[in-house]
Amino acid sequence: MTAVTAVTDHTDHADHTGDDSPEDGTSGQGSSENGRPEGSRSPEGSRSEADSPEAFATEAADGEPAAGEAATEAPMESVTKAQPEGEAEAEAEAETEAAAEAETEAEDAERAQKVTFDAAHVGAHTRVKDDTGHTRVKTDDACARAESETAWDDGLIARRVSETTTGQEAQAPSLALETKTAVQAPPLPLAYDGPLRSRLDALRELVGLSRTRLDSGTLAEASRVLDEAAARRKLSGEHTVVAIAGATGSGKSQLFNALAGVAISETGMRRPTTAAPIACSWSDGAATLIDRLGIPGRLRRRPLQSPEAEAQLRGLVLVDLPDHDSAAVQHRQQVDRILALVDAVIWVVDPEKYADAMLHERYLRPMAGHAEVTFVVLNQVDRLPGEAADLVLDDLRRLLDDDGIALGEYGEPGATVMALSALTGDGIGELRESLGQFLAERGAAARRISADLDAAAMRLRPVYSTGRRTGLSEEARDEFADRLADAVGATAAGQAAERAWRRNANRACGTPWLRLWRWVQDRGDSTTGRLSVREPADEEATARQRVEQAVRTVADRAARGLPAPWAQAVREAAVRGAQGLPEALDEMATRATTPAGRPPRPGWWPAAVLAQASMTILQIIGGLWLLGQIIGFMAPNLGVPVLLMLAGIIGGPAVEWGSRMAARGPARRYGLEAERRLREAAAGCGRARVLDPVAAELLRYREVREQYGRVTGASAPVG
Amino acid sequence: MLQKASKIGHSSHVVTLDVRPQLLDALSALRDRVAAARFPLPLAGAPRARANRDELLAQLDDYLVPRLREPEAPLLAVIGGSTGAGKSTLVNSLVGRRVSEAGVLRPTTRTPVLVCHPEDHHWFSGMRVLPDLTRVWVPHQEPGDDLQALMERGERVLRIETADTLPRGLALLDAPDIDSLVADNRVLAAELICAADIWVMVTTAARYADAVPWHLLRTAKEHKATLVTVLDRVPHQVVSEVSRQYGALLTKAGLGEVPRFTVPELPESAWGGGLLPATAVAPLRTWLVHQTQDHGSRHAAMARTAQGVLDSLKARMPELAGAAAAQYAAALRLTAAVDGAYDSEHTRVKGRLQTGAVLSGDALKRWRAYPLDCTAGELLDSLVESLAALLLCAVTAADERVDDAWRREPASGAPGLTDRDPTLESAEHRIGMSVRRWRRVLEEYAEDEVGRLDKSVASDAEVVAALVATALLGGHRARNAGEGLAERLGAHGALRLRERGGRLLAEYLDRALHTERERRLAPLDALDVHPESQAELIAALSVLQKER
């Protein structure tokens with residue numbers, strides 16, 4: 001075992017496979033692999049530094065790696081490589097030490113043929129990987145960074161390599177070949193699994209879409225999460241940064257020292273003891289991670305070099321924080337800063353302080369979503385007599401439950417709660433064990449980011465979702481059109497047109513005597529109405545106030561049920577569209593009313609006029625006849641002329657009445673037509689200028705809402 | 001007592017220990033002012049001001065007024081501190097038997113317990129101090145069902161215990177945690193501490209650097225209360241070191257002269273809820289007894305705290321007054337926003353009336369058709385409708401501006417200010433009513449004018465009304481209406497009618513907009529934020545200062 005830990009991570013990996021039976025290989029087992037051998041310490045000296053493998057394989061934590069599949073994948077392209085690979089695995093089950101040798105043997109064999117060496121590594125990693133694993137190959141740090149940035153966006157490389165894993169294995173060695181120059185390989189960067197990545201992408205897009213609508217303060221949290229996710233992703237995925245936080249005097253430093261095995265952090269009765277965070281990393285390659293925490297080099301330590309501990313807590317970066325509740329305010333600031341950056345937190349409480357309001361209200365409650373990356377340990381149980389420790393632990397569980405923190409009991413995901421005493425070492429082993437298991441899963445960073453994402457999404461909820469139906473109903477649109485029609489006076493115009501038409505018809509079909517009388521009348525006085533008709537077309541024919549009101553109403557309707565910023569945007573769009581709408585309506589109204597010219601005449605009109613004329617002629621003939629008789633010019637015959645005259649006198653009004661009745665229908669049609677024309681023109685104007693921009697804004701909101709749904713993971717799309 | 005008072009009269013720093021009715025009057029007047037102060041607008045400082053007011057009220061009711069009224073009442077020492085500091089254990093040990101429950105589960109003490117000598121019982125059984133708390137007197141240890149029942153009803157309870165072991169003239173009060181997870185406990189603890197003659201602050205070796213207790217210590221210092229600190233649960237191997245460091249912190253905070261007692265953590269009693277041996281608490285007990293028995297120090301302790309509270313009023317009352325002033329200023333800003341919006345809309349409406357905006361759309365079409373294709377009645381109808389639309393538009397625009405302005409005001413978050421019901425429909429209704437009323441009055445005017453004319457040339461009153469409405473509302477567009485009117489009524493009559501109608505219009509316009517403005521301001525007025533409360537607070541303070 002000592003040899004194993006001393007040599008390489010390969011052996012470490014073998015150690016893992018030894019732990020978990022390969023038949024049901026879980027995703028946690030060797031989820032990502034550090035290919036950094038320490039050549040000088042290698043017992044066989046089988047590897048020179050130049051041979052350091054630079055091919056790394058990462059994998060998404062999802063998927064269902066079946067050992068059988070993995071094994072079939074392992075022999076990638078050459079039998080020579082596949083053979084020792086299989087051996088190594090077989091022996092790993094039996095004995096880890098032998099496995100180390102087997103693997104080094106395999107490596108020797110591989111080194112003989114240069115190509116296969118790295119391929120073997122790829123193979124070795126893919127073996128424990130799920131079949132859809134996103135294998136990524138890196139050259140050096142800078143390259144890795146660039147690559148991870150590109151991969152971040154579209155996962156192209158991941159896709160390509162997963163193709164490689166499933167089908168075209170031949171590509172793997174060539175990819176690996178490119179990468180065999182670096183002396184000391186940097187640790188493997190973190191990889192997020194598919195859903196998380198797509199949620200992060202969705203959040204990025206969401207932030208981009210919302211920038212113009214929301215102030216930066218609202219988006220700050222989301223941007224911070226994105227930045228942190230991106231920053232964390234570039235850093236080692238093999239390390240898990242765990243902070244030890246707690247109140248003053250709870251024994252954080254003592255626990256830190258107990259885990260490290262040496263007195264790294266100063267402990268004492270003086271309160272507050274620890275003033276600055278101290279980091280301790282169990283394996284190399286965590287420097288950049290610790291840099292991110294802003295812990296200076298003089299505060300970085302290594303644990304006691306004990307192979308056993310190293311194997312168990314491999315990849316652990318432990319950070320001892322100052323207290324969060326002392327009178328020293330800068331301590332609290334430091335704690336807040338670092339807590340936002342670490343992957344997991346161990347909250348240390350003690351029997352005296354476990355119910356402090358500060359701890360629960362300021363930290364645990366807001367971080368309830370981070371339960372999966374939270375440990376709560378009750379320290380100083382040695383100060384509690386007998387069963388009191390259990391009582392306190394139960395009470396602590398109850399309080400955590402009240403805080404909304406899921407407790408990781410009965411195998412459910414959640415916070416780990418345990419009692420221990422850093423002073424006596426009671427329970428430290430258990431903590432170490434569960435920490436070791438936690439570290440082996442290597443999911444902490446992703447889970448933390450995921451929890452951050454959840455929290456940010458939850459906080460953004462009010463600006464993206466109100467849980468009410470949104471959109472512009474058909475009635476609202478119709479009502480808007482009606483209001484605009486009112487504004488241009490469509491009804492009145494229609495009515496006026498109808499009446500005018502009927503008036504003209506009556507005049508045309510009226511008895512000539514009536515027309516004559518009217519003409520005489522009109523010549524006499526000039527009524528006001530006449531003058532107003534002569535008035536030039538007014539430049540403000542549209543009722544401004546009605547347009548304004550219509551726009552406001554429709555905007556309010558559209559904005560109903562929208563979160564405030566989007567409602568504001570809808571209103572603004574409506575107001576912007578409404579600028580110039582009255583002028584456009586003015587113009588439209590003049591255009592829609594003028595072209596009519598002379599109103600169309602119905603076909604029966606000439607006949608009516610003819611009938612009217614004939615009636616008049618009858619009257620005239622009857623009259624003349626009578627006159628003739630009176631003068632004695634003609635033979636007296638009263639009957640016929642009187643009859644003729646009577647027919648003319650009665651027939652004229654009768655024809656007039658008949659044609660008036662007949663004109664009613666066409667007049668109404670004409671009026672309705674005029675109204676409809678105006679109404680439709682107005683509605684078209686309103687639609688183009690107001691409704692369309694509003695609808696576009698609503699569409700944008702809907703898009704954002706969908707994006708938000710994607711962020712919350714409600715409807716996480718594939719890929 | 002008189003004798004006692006005269007005796008202390010000689011000691012230089014004791015001033016307020018005889019009963020002084022004027023001072024009490026001034027104090028109760030001030031108390032009423034404080035109780036009347038309201039901070040309804042959600043400004044940044046409002047929660048703090050509310051808390052300050054409650055605290056001040058509690059201190060006046062629970063401590064200062066009863067103390068000044070009855071200086072001979074027993075001294076009340078309130079044991080306060082963080083959760084788990086061992087307050088209950090300390091009280092039990094001082095009394096010598098288990099009066100307050102102690103345990104390992106936090107928070108332990110949810111019901112405050114007051115312990116006094118049986119003969120002092122009458123001082124506390126009444127509502128002299130802590131009038132908000134229901135008294136429960138449990139003779140022995142059983143935790144009584146009625147207590148549970150009271151607790152369940154949400155009533156706040158004070159348990160009173162008597163013990164012969166306490167000297168007369170001293171009462172101990174075991175308060176809940178000052179940093180309890182249960183928010184009510186925190187409030188109660190603060191209130192209880194305000195009622196104390198002697199503040200006993202308990203902290204522990206693990207906690208002496210905690211922020212929360214230090215806040216309390218600083219408050220005690222500000223209030224110049226008689227303060228004593230107990231450093232509890234100190235492991236014996238580090239007693240001297242911790243004690244020294246704690247002393248250094250106290251000195252640094254300017255509390256160096258505060259009596260300090262150290263109680264070691266004793267394994268046999270610390271967690272079981274048992275009693276500490278008498279020797280462990282002997283110095284504290286002696287000190288407390290000394291404070292009670294020795295007249296000089298008793299009065300010194302009492303006077304110091306009372307004086308401290310009175311002194312603190314000098315700073316706290318202006319703070320409250322300042323908050324009241326801020327409330328008023330915010331209310332004023334909100335009102336100004338409404339006034340500004342309605343004023344500018346009023347101006348706009350007037351301007352639009354002048355340009356004849358009412359005579360547009362439907363009304364304009366009718367007017368153009370009049371009289372050939374449109375009757376006077378129809379014209380009048382559409383004009384009235386158009387006028388209502390103009391007014392409604394102005395009101396909604398004003399409301400929108402108010403909303404905009406208020407959105408930037410934190411004070412507008414007060415309930416009922418912004419989340420008003422969709423009053424638009426009713427506004428439409430009200431405006432419609434008022435416009436129709438205007439029309440009716442205008443028609444009456446027109447009838448009047450027509451009636452004055454000779455019957456022979458009398459024209460239809462409705463036509464006259466329509467014409468005058470057009471002339472009034474149509475601005476320059478309706479010049480012809482004016483001409484027509486003059487034709488019908490004569491130049492004089494037309495002018496008179498137009499003038500009267502115009503005055504009527506302006507009146508109705510003002511009234512309609514004013515009504516809407518008042519409706520908008522009504523919820524704000526209902527909050528009753530007025531400038532007097534600031535002045536009253538300051539005045540009450542100055543009266544008190546004069547009395548001292």
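At 30% relative accessibility, Arg348(B) counts as partly exposed; that label covers anything between buried (under 20% relative accessible area) and exposed (over 50%), using a 1.4 Å probe and the protein chains only. The model here is a predicted one, in which local features need pLDDT of at least 70, side-chain atom pairs count only at pLDDT 80 or more, and totals for chains, interfaces and linings use all residues. Residues are numbered from 1 along each chain as its sequence is written, chains are lettered from A and ligands numbered from 1 in the order in which they are written, and side-chain values use heavy atoms, with hydrogens and water left out.

Back to Arg348(B). Its side chain meets that of Glu345(B) in a salt bridge, 3.1 Å from N to O, where a salt bridge is a side-chain nitrogen of Lys or Arg within 4 Å of a carboxyl oxygen of Asp or Glu. The two residues sit 3 apart in helix H11 (residues 295-354) of chain B, so about one helical turn separates them. Helices here are DSSP runs of H or I with at least four residues, strands are runs of E with at least two, and both are numbered from the N terminus. Glu345(B) is buried, at a relative accessible area of just 3%. Salt bridges with shared partners tie Glu548(A), Arg552(A), Glu345(B), Arg348(B), Glu400(B) and Arg401(B) into one network.

Part of that network reaches over to the other chain: Glu548(A) pairs with Arg348(B) in a salt bridge whose closest N and O atoms are 3.0 Å apart. Another bridge links Arg546(A) to Glu385(B), with the closest N and O atoms 3.8 Å apart. This pair also crosses between chains, going from helix H24 of chain A to helix H13 (residues 376-407) of chain B. Arg546(A) is buried, with a relative accessible area of 14%, whereas Glu385(B) counts as partly exposed at 45%.

Now for the interface as a whole. Chain A puts 65 residues into the contact and chain B puts in 61, contact meaning heavy atoms within 4.5 Å. About 5300 Å² is buried between the two chains, and carbon and sulfur atoms give 49% of that; buried area is the accessible area (1.4 Å probe) that two parts lose on being put together, summed over both. The rule finds 7 salt bridges across the interface of chain A and chain B. It also finds 15 residue pairs in polar contact there, both residues at pLDDT 80 or more. A polar contact is a pair of N or O atoms within 3.5 Å; within protein, one must be able to donate a hydrogen and the other to accept it, and residues adjacent in sequence count only if both atoms are side-chain atoms.

On the chain A side, the helices that each supply at least two residues include H20 (474-488), H21 (490-509) and H24 (544-559). H21(A) gives the largest share, 9 residues. Sorted by class, the chain A side has 27 nonpolar, 14 polar and 24 charged residues, where Ala, Val, Leu, Ile, Met, Phe, Trp, Tyr, Cys and Pro count as nonpolar, Asp, Glu, Lys and Arg as charged, and the others, Gly among them, as polar.

Salt bridges turn up within chain A as well. Arg660(A) and Glu656(A) form one, the closest N and O atoms being 3.6 Å apart. Both are in helix H28 (residues 639-712) of chain A, 4 residues apart, so about one helical turn lies between them. Arg660(A) is partly exposed at 34%, while Glu656(A) is buried at 10%. Over all chains, the search finds 62 salt bridges.

Chain B has 17 helices and 8 strands, and 55% of its 548 residues are buried. One buried residue is Asp120(B), at 2% relative accessibility, placed in the loop between strand E2 (113-116) and helix H5 (121-125). A polar atom of the Asp120(B) side chain lies 2.6 Å from the backbone nitrogen of Gly169(B). Leaving out residues up to four places away in sequence, Asp120(B) touches Pro74(B), Pro167(B), Arg168(B), Gly169(B) and Leu170(B).

Two backbone oddities round things off. Arg233(B), in strand E7 (residues 226-234) of chain B, has a positive phi near 55° although it is a residue other than glycine. Gln380(A) is not a glycine either, yet its phi is positive at about 60°.
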